[in-house]
Amino acid sequence: MLKLYGGARSRASIVQWYLEELAVPYEFVLLDMQAGEHRQSDYLKINPVGKVPAIVDGDFQLWESGAILLYLADKYGKIALSPEERGELSQWVLFANATLGPGIFVEATRQQETPRLLTPLNEIFEQQPFLLGDEFSVADVAVGSILSYIPVMLKLDLSSYPAVLNYIQRMSERPAFQKSIGKHA
């Protein structure tokens with residue numbers, strides 16, 4: 001059975017959300033981050049950087065939440081993807097981790113980056129329910145998880161982005177979200 005390693009209130013909940021969406025059986029291995037379990041030799045064999053999340057799927061080990069999400073989409077997703085579709089999914093997962101998250105959560109850049117990032121997202125969600133159109137995908141897990149942390153962690157006024165607010169609400173109402181991120185929010 002796939003093992004997901006994470007800490008309380010960690011990015012492992014993003015991977016957990018997607019595992020729940022895919023209905024993939026998994027064991028959640030809760031590491032006590034305060035006690036430094038993520039820096040013990042057993043865990044460092046899985047992730048030498050000593051961060052969470054990480055997965056062990058049979059003999060395969062992988063760390064970094066975006067890479068894990070894309071791996072799960074490839075292995076357990078319901079449809080085969082063309083290289084173009086895979087590229088588009090990768091674009092959004094990498095955007096969430098490398099651009100959206102830092103842009104919103106780094107205080108020094110937040111004021112400048114928030115409108116630059118949320119305005120185009122708002123325009124997308126005015127036109128379609130999900131990032132890639134009418135179907136929920138791993139892109140929505142990556143971007144939706146970052147967006148869902150904004151009202152919880154930052155209390156930013158998002159009233160200028162009503163379609164983003166609606167999207168956050170719809171993501172947070174998903175049963176798989178409630179079993180993962182929603183438990184910690």
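**Salt bridges and a helix crossing**

Five salt bridges are present in the structure, which is a predicted model. Side chains of opposite charge can pair when their charged atoms come close. Three of these pairs are described here in turn, followed by a packing contact between two helices.

A convenient place to begin is the pair formed by Glu20 and Lys179, whose closest N and O atoms lie 3.9 Å apart. This salt bridge joins distant parts of the chain, since Glu20 belongs to helix α1 (residues 12-22) and Lys179 to helix α8 (residues 175-179), with 159 residues separating them. With a cut-off of 4 Å between the side-chain nitrogen and the carboxyl oxygen, the pair counts as a salt bridge. Glu20 has a relative accessibility of 23% and is therefore classed as partly exposed. Lys179, at 48%, is likewise partly exposed.

The next pair brings a helix and a strand together. Asp57 and Lys75 form a salt bridge in which the closest N and O atoms are 3.1 Å apart. Here Lys75 sits in helix α3 (residues 65-76) and Asp57 in strand β3 (residues 54-57), 18 residues away along the chain. How accessible are the two partners, Asp57 and Lys75? Asp57 has a relative accessibility of 10%, so this residue counts as buried, the cut-off for that class being under 20%. Lys75, by contrast, is partly exposed at 45%.

Helix α3 also takes part in the salt bridge between Asp74 and Arg86, where the N to O distance is 2.8 Å. Asp74 is the partner from α3, while Arg86 comes from helix α4 (residues 83-105), and the two are twelve residues apart. Asp74 is partly exposed, with a relative accessibility of 44%. Arg86 falls into the partly exposed class as well, at 27%.

Turning to helix packing, helix α6 (residues 138-154) meets helix α7 (residues 162-172) at an angle of about 105 degrees, and their axes are 9 Å apart. The two helices are therefore roughly perpendicular to each other, as angles of 65 to 115 degrees fall in that class. On the α6 side, the contact is made by Asp140, Gly144, Leu147, Ser148 and Pro151. Helix α7 contributes Val164, Tyr167, Ile168 and Met171. What is the chemical character of the residues in the contact of α6 with α7? Six of them are nonpolar, two are polar and one is charged.

Definitions and conventions: Residues numbered from 1 in each chain as written. Predicted model: local features only at pLDDT ≥ 70, side-chain atom pairs only at ≥ 80, totals over all residues. Heavy atoms only, no water. Axes fitted to C-alpha atoms, helices over the stretch in contact; angles between N-to-C directions. Helix = DSSP H or I, 4+ residues; strand = E, 2+ residues; numbered from the N terminus. Parallel < 35°, antiparallel > 145°, perpendicular 65-115°, else oblique. Contact = heavy atoms within 4.5 Å. Nonpolar A, V, L, I, M, F, W, Y, C, P; charged D, E, K, R; others polar. Buried < 20%, exposed > 50% of the residue type's maximum accessible area, 1.4 Å probe, protein only.
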